[in-house]
Structure formats: C-alpha cells, structure tokens
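I opened a fresh page for this chain and wanted to note, entry by entry, what I looked up. The sequence and structure come first, and my notes follow.

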Amino acid sequence: MSDFLPSGIQLGYLVAASLFIIGLKQLGSPATARQGNVLAAIGMLIAIVGTLLEKQVVSYELIAVGIIVGSILGTIMANTVAMTDMPQMVGLLNGFGGAASALVAVGEFWRYLSIPESPTPDATITILLGVLIGGITFTGSLVAFAKLQELLPGAPMTFPLQQPFNAMLAIALLAGSGYMLTNPENVPVFLALVAISNILGIMFVLPIGGGDMPVVVSLLNSYSGIAASVAGFILMNNMLIIAGALVGASGIILTQIMCKAMNRSLGSVLFSAFGSGGGSAGAAAGAAGAIDKTVRSINLEESAMMLGYARSVVIIPGYGMAVAQAQHAVRELADGLEKMGVDVKYAIHPVAGRMPGHMNVLLAEANVPYPQLYDMDDINPQFDETDVALVIGANDVVNPAARHDTASPIYGMPILEVDKAKHTIVIKRGMSAGFSGVDNELFYKDKTMMLFGSAKDVVAKLVSEVKQL
C-alpha cells in the first residue's frame, strides 16, 4: 500500500485536474454551470484527500481545525450573502486566495531561517513571487470589496504625485528583490518587500472606478490563480500548480473578454481613472448641443398596456436592478406577459453589473429559464423587430453615443442597441449619468419613455397593472 501511495496520489491529481477542466468548460453556459461547479468541487475534494495522504503533512490536528473553521465560515457566507452582494463576495474570496499564497511564501522563508541550508536563487525567486502576487491580490481585493460594498467611493481615487509614488514603490521592490537574491535570509528587507507588495495592491485598485469592477474582479481572480500556482512550486505540489494555472489562465481570458466588451485596453482600465469625470464634461456638453434634451415620461398604466399588448418584449437588466434586488419582480412580470402571449427575452451585456456574469447570476436566482437569456451579439440583430425594449437600471451599456460620439469616454464600446426597438421604456430613479460620467442619449430619443422610480417598486406595480389588462 505504501509503495502505491505516491503514484495513487498523482493519479488522483490527474483525475482532479480533468474534472477542473471539464468544470470550467461547463461554467461557460448558464445551462450547465451548476453541473460544472459540482464536478469542479468533486475534483477539489479528490485533490484535498490526495494532499492529506502526503507524507509531508505535519499536523493533521491543525489541518482538521482549519477545515472545520473554514467549512463553518463558508457555510455561513453561502447562506447569508445575498445574490446581489455576490460581486463583493467574489472579490473577498479572491483576496483570501492571495493571502493564503502569500502566507505560504512567508512560511517557506521562515522555514529556511530555521535550517542550516540557505535557499537557492530559484527558491528565493519563487518566495518573492509568492509574496508579491499574493500581497497585491490580497489588498487589491480588499479595496475592490470596499468599493463594491460602498465602504469606499466607487469613483476613481487619486492624489497628487500618485504615479511617481507608485514608481518609487516598484523601484524599491525591484531593488529589494535583487538584494534578497544575494542575501536570501535578510529578515528586515524581506518584511519590507511584504509591506511594499501589500501597498502596491491598494494603489493598484484605488484609481479604478466602479464601472470597471468587472475587469478588476476578473484580473484579481487571475492573480489569485497565479499566486496559487507559485505556492504550488514552493510546496512542490503538482495539483496546486495545475489548479492555479487553470484559474490564472481562465481569469486572463475572461479579463480580455471584459475589455473587448468595453472596447478598451487593459492598460486604459488600470491607469486611465475611467469614470473620474475627466473629459466627460466636454463629451456631455457636446452631446447636449447635438441632441434635443426633451424627456418623455410614461405612467404605470400606459407602460403596462404597451407591454401587455406587444408581440415581443426584450428586458435589459442592469446594475440598478441588482441594487434594487428586483430580479424576482422582473421574473414575475415576464411570466405575466408570457401568459398574455408576449414573446419575452432578456438581453445580457457582458459588463452589466459589477462582476462577470452578474446579471446571469441574479436572473438564475429568480429561476429565469436559460433559453430566454441572449448574449449581446445574438440579441442585437433582433431589436429592429422588437416592439418594446424594457431597460431596468442599465445605463452606459445602452448608450447610443458609443456608436458615434468620438468625444465620449465610451466611444466604440459595443452596446445593446435598444434604440433600434420600436419603443423603449427605461426604468430609472432619475436622470443621473452612468459610471462613465456622460449623459445617455437613449433617454432623449423620440421612441424612449422614462418610468421613474426604484426598479423593484416600479416592476412590482407593473405586475399588478398587467394582471388587470
């Protein structure tokens, strides 16, 4: 049995890695996402059991305590965190992953201090990478969490000489890392590098606006995977290397998808302080001079009649729906319209909300049928034949200025072309701009009617009105 154990563990790792890959593939579709999550969880269980059978495990008692405490906290979070708060939870969990990897690197450094053998340059580089990537992921994720939770302002946070300060931190990090290669057991320098890494994480996310949080969450998720992979090299654990590489690669791919959906480069997301208002005033002024800013409002009764007697309705959910937690009321409205013979579909923009797939998660919680969810590329050609487009809390992702206003910060961003529908109803609290800081031309179109109020209250009242038709 003991002779078979090492090979059996590696075989288990191979099975776990296969389940991770299949799970990732199935997570790409709402219809198979739950099954993919289950398969990935089974793979993780196999990986954990295999790791616990390794001879290097020192204290099963401490591991048992960690598993119990972690399981209790995870269960509490899973049952108490609302689906509307899922972006914050994802950001926080990314941070936990980065912190764990950084602690592994710190622990390895301390292990070398307790033995006569000094770390090799390869080992030192691995430790430093673990500290750097793990630290940036940890504190960056905490800042992202604070912005999403509105503990910090969602707008970009900048200060004078911020970029020179960041450059000094980067230079200090490089200099300290170079010094550690020649003096790998210098504790003060190592602790300074730990501190700099954590400060860099804070400085990395502070100047990024709330509208870019889907990209930030994806990127930090990738960082957490890379940090885990580095921890795998430190611990010489093949499973951790593979799992971390999968998370890192998939996170980078998702980040690129998010950037493409916004028609922006990753560099502009990270360094341009998008949403700070710089340049948006001019864009807004230009828009003001180019269009007639007359708002056409509509009441609940008229809205219900327009929706109830339409042949086709496309619902466009946005962050406003998430904030109001209106997804269940939206599902009820759609059910009522379908009973009247209306063809109802949902249009999902890739960056709607505050994390990748945010709208999909909320609508899944409300048990919206998967076949009714349409990606942007699939639904845009259908707007020409849509009787009513119902926009619920979306803003920048439906702004026609993205197609033609070269002065607009969102120029070139692919949008849901709801302005091509025969009629558009926009449910919104007021006329405030989106995270880009520019006015939405859609609100002033001849075919657009504004229905003001909280999404949850308005939709609930629309359900009652529709039932009376």
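**Entry 1: charged pairs**

I began with R403 and D419, whose side chains meet in a salt bridge with 2.5 Å from N to O. I then looked up where the two partners sit, and found R403 in helix α17, residues 401-404, and D419 in the loop between α17 and β5 (423-428), so that I noted a pair that links distant parts of the chain, 16 residues apart. I keep in mind throughout that this is a predicted model. For cover, I noted that R403 is partly exposed, with a relative accessible area of 37%, whereas D419, at 13% relative accessibility, counts as buried because the cut-off for buried is under 20%.

How many salt bridges does the structure hold? I found nine, and I followed up two others besides the pair above.

The next one I looked up joins R311 to D387, with the closest N and O atoms 3.5 Å apart. R311 lies in the loop between α12 (300-308) and β1 (312-317), and D387 lies in the loop between α16 (376-379) and β4 (388-392), so this salt bridge ties together parts that are 76 residues apart in sequence. Is R311 buried or exposed? I noted that R311 counts as exposed at 59% relative accessibility, while D387 counts as buried at 11%. I also wrote down that R311, D387 and K422 are joined into one network by salt bridges that share partners.

The last pair I followed is E332 with K467, whose side chains meet in a salt bridge of 3.4 Å, N to O. This pair, too, links distant parts of the chain, since I found E332 in helix α14 (residues 327-339) and K467 in helix α18 (residues 455-467), 135 residues apart. E332 is partly exposed, with 39% relative accessible area, and K467 counts as exposed at 63%.

**Entry 2: nonpolar cores**

I turned next to the interior and asked which residues have the most contacts inside the largest nonpolar core. That core has 39 residues, and the ones with the most contacts inside it are I315, Y346, I392 and I427. Helix α18 gives the most to this core, with six residues, and I had already met α18 as the helix that holds K467.

I picked I392 for a closer look and listed what it touches, leaving aside residues up to four places away in sequence: I315, I316, P317, G318, M321, V330, I427, A455 and V459. Two of the names in that list, I315 and I427, are also among the residues with the most contacts in the core. I noted as well a second, separate core of 36 residues, which includes A105, M203, V205 and A227.

**Entry 3: helix α5 and what follows**

Helix α5 covers residues 121-148, which makes 28 residues, and it reaches 40 Å from its first C-alpha to its last, close to the 40 Å expected at 1.5 Å a residue. I noted that α5 is mostly covered, with 20 of its 28 residues buried. I125 has its place in this helix, but is partly exposed, with a relative accessible area of 39%. I also checked I125 against Q468, which is 343 residues away along the chain, and their C-alpha atoms are separated by 70 Å.

What follows α5? I found E150, whose phi is positive, near 65 degrees, although E150 is not a glycine. E150 lies in the loop between α5 and α6 (162-182) and counts as exposed at 63% relative accessibility.

I then looked up M236, which has a positive phi of about 60 degrees and is likewise not a glycine. M236 lies in the loop between α8 (213-235) and α9 (238-262), and at 67% relative accessibility M236 counts as exposed.

**Entry 4: a nonpolar patch on the surface**

My last search was for nonpolar side chains at the surface, and I asked which residues make the patch of about 540 Å². I wrote down V65, I68, V69, I72, L73 and I76. I68, one of these residues, lies in helix α3 (residues 60-80). For the spacing I added a reminder to myself that an α-helix has 3.6 residues a turn, so residues three or four places apart point the same way.

How values were computed
Residues are numbered from 1 along each chain as its sequence is written. This is a predicted model: local features need pLDDT of at least 70, side-chain atom pairs count only at pLDDT 80 or more; totals for chains, interfaces and linings use all residues. Side-chain values use heavy atoms; hydrogens and water are left out. Patches are made of residues with over 30% relative accessible area and no salt bridge: like charges are joined within 9 Å, nonpolar side chains (Val, Leu, Ile, Met, Phe, Trp, Tyr) within 5 Å. Accessible areas come from the Shrake-Rupley method with a 1.4 Å probe; for residues, only the protein chains shown count as cover. A salt bridge is a side-chain nitrogen of Lys or Arg within 4 Å of a carboxyl oxygen of Asp or Glu. Helices (H or I, at least four residues) and strands (E, at least two) are DSSP runs, numbered from the N terminus. The expected span of a helix is 1.5 Å times one less than its number of residues. Buried means under 20% relative accessible area, exposed over 50%, partly exposed in between (1.4 Å probe, protein chains only). A nonpolar core is a set of buried Ala, Val, Leu, Ile, Met, Phe, Trp, Tyr and Cys residues joined through side-chain atoms within 4.5 Å. Contact means heavy atoms within 4.5 Å.
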